[in-house]
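Colleague: Please take one part of this chain and go through it closely, with enough of the whole to place it. I would like the surface and the overall build before the detail.

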Amino acid sequence: MGTELGAQGAGAVELVNLTIDGKAAKVPKGTNLIEAAKSVGVDVPFYCYHPHLSIAGNCRMCQVRVKGAPKLDIACNTMVREGMEVSTHHTSPEVDDAQAATLEFILINHPLDCTVCDQAGHCKLQDYHFDYNARPSRFLEQKEHKVKALPLGPTVVLDGERCIMCTRCVRFCDEVTKTSELGMLNRGDRSVIAVNEGKELNNALSGTVVDLCPVGALTHRNWRFNTRIWFTKETDSICPGCSTGCNVKVAIRDQQVVQVKGRLNSAVNKEWMCDEGRYGFMRFLPQKRLASPLLGGAGTSWEMALRESKRLVGSEALVMVSPDLLLEEYDILKEFLTRHMPKARVVLAYRERTLTEVEKVLVSPDYAANFRAAEFSGLVQSVSGDAYESALKQLRAGSVSHVLLVGQRAILPEDCDAALLAGIQAVGVSVGMLTDAASGLASVLKVALPGRSILEKSGLMVNRQSRLQWSERVIDAPLGAEPEWRLLNRISKECGAALCDATNDRDLSLRILGKDTRLVGLSIADVKGSLLSLVGASKGIDLKSYQPRQRTVAADSAGSQPAV
């Protein structure tokens, strides 16, 4: 037995040698058999286990055979030991039969309503039935009927008959939010999840219990019966709601967000997600989109709009910047200002808010998803709410001669009052890159150029803890809308020379990865991929500890598909 640097890089970790289905494994002491098996590519089925919740051991699906043990052990609550020999269902008929019997028992009272269940298509009961049971039911008695469509709070509905009593939801509310709204009543096949007396499930992370539910017992009130998951396009991306940078899976159908789920990343959000972020994705997609340039509030040609925008060159303009642009766009904007507007004053829209104790578990005190990227790029030295508030005051007072707004949220929606709009309208030259054609900004700016939402672009984001992550485009932009970096490039080209020759988001990402010495050696695949650990996937790159390295040919060739 020796000591080596552990998977978490936190120092010397004692390692344990064992075999799982004949495969040699070496994992840190204290690791359970589910995670140990995962490290050698062996999947052990489970319902109640979660790497970031306490171990309940009540579903019994993860049984394995440990050599020398008198009976089968549950892998979730069995820690590795030196020299342990483990057999899973892949190599042990005894384990395979036990798992099939366990699943048959779990399904005894489960209703046959897959055809109307929201979880159909991504349900562990369905998956495991086909993998480990797949035999007709032998149950002849009357099924136990339980509560149906019971609202537990403003966001979650319970179908008690589908519940398999994994208690993930109960443990989440007890251990993570510490609000303890949920509990389990009764015993045996009459057990049911219920809201504790005098409470309702109404905490800031309440929708997370639906993600944790391995079956269809808990569903979202907002999205109940809205679509089948196989009719959607699912994309792994980043929540732009705040600078925590939660990893999410977004489902899109007919250009609408129809479901958002937390995605496992132990270094960022575990698998949790706040309700504000989950149910608020559509706020980044205005109903009425700006799809062509406006000049004085009326439609115009690109030539006229770019010619008018060119009047900003050389001025001491106030440049207001959205906090949810990509790192690549902040970098391009910095180049644009250095070349054409060196006297400009740059202000990032940033304001902090007071958080509740539950929100502090996950939420950052801002609505500035990528403000760290603006700092990283050097566009701004440091971000503070004071600079933003001062800029708003100057606009309202009419003391700004030229203004450039980069992104719809360069001025936060709650700040677009009549005094501010009047102040912008009085500015000599005002140019904005916007998405919302119905906003007051579009009507008062001299030039409004059609931009894209953060959900319509792919690129790099840096969260509050300085972790570099990849935000994948989740929805197609409307025809005519351009990413902000391309709009800046077109204005620069109108001034004589383009800033870059990139033709799509991926080209722009490769450009900054290639030229920024702090990112040397990174490819898009490095940022998107997961560095597998024994407690989940830690995706992204920690910029505080990353040491630039030599890029390999293999890393260069691996990346995302072009995103236009």
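Modeller: The protein chain exposes about 24100 Å², of which carbon and sulfur atoms supply 51%; accessible areas come from the Shrake-Rupley method with a 1.4 Å probe, and for residues only the protein chains shown count as cover. This is a predicted model, in which local features need pLDDT of at least 70 and side-chain atom pairs count only at pLDDT 80 or more, while totals for chains, interfaces and linings use all residues. Residues are numbered from 1 along each chain as its sequence is written, and side-chain values use heavy atoms, with hydrogens and water left out.

Of the 564 residues, 57% count as buried (under 20% relative accessible area; over 50% is exposed, and in between is partly exposed). A compact globule with 564 residues would have a radius of gyration near 24 Å, and the 27 Å of the protein chain agrees with that; the radius is taken over C-alpha atoms, and the globule rule is 2.2 Å times the number of residues to the power 0.38. Along the principal axes, the C-alpha atoms fill a box of roughly 85 × 55 × 40 Å. The chain has 16 helices and 26 strands, which are DSSP runs numbered from the N terminus (H or I, at least four residues, for helices; E, at least two, for strands). Among contacts with a separation of 6 or more, 66% join residues 24 or more positions apart, contact meaning heavy atoms within 4.5 Å.

The part to look at closely is helix H13, residues 484-494. H13 is mostly covered, with eight of its eleven residues buried: Glu484, Trp485, Arg486, Leu487, Leu488, Asn489, Ile491 and Ser492. These buried residues pack against three helices and three strands: H7 (302-309), H8 and H14 (505-515), together with E19 (402-406), E20 (429-434) and E21 (447-450). After H13 comes Gly496, whose phi is positive, near 135°.

One of those neighbours, H8, spans residues 327-340 and contains Glu329. Glu329 is buried, because its relative accessible area is 1%. A polar atom of the Glu329 side chain lies 3.3 Å from the backbone nitrogen of Trp485, and a polar contact is a pair of N or O atoms within 3.5 Å; within protein, one must be able to donate a hydrogen and the other to accept it, and residues adjacent in sequence count only if both atoms are side-chain atoms. Leaving out residues up to four places away in sequence, Glu329 touches Lys457, Pro483, Glu484 and Trp485. Glu484 and Trp485 are among the buried residues of H13.

Elsewhere in the chain, three strands form an open antiparallel sheet in the order E22-E23-E26. E22 (459-462) and E26 (541-542) stand at its edges with a single partner strand each, so one side of each is left without a neighbour in the sheet. E23 (residues 467-471) and E26 pair in the antiparallel sense over two bridges, and two strands pair if DSSP finds at least two bridges between them. Leu468 stands opposite Ile541 in E26.

As for helix H3 (residues 124-133), Leu125, Gln126, Tyr128, Tyr132 and Asn133 are buried there, and the buried residues of H3 pack against H2 (93-106).

Notes. Buried < 20%, exposed > 50% of the residue type's maximum accessible area, 1.4 Å probe, protein only.
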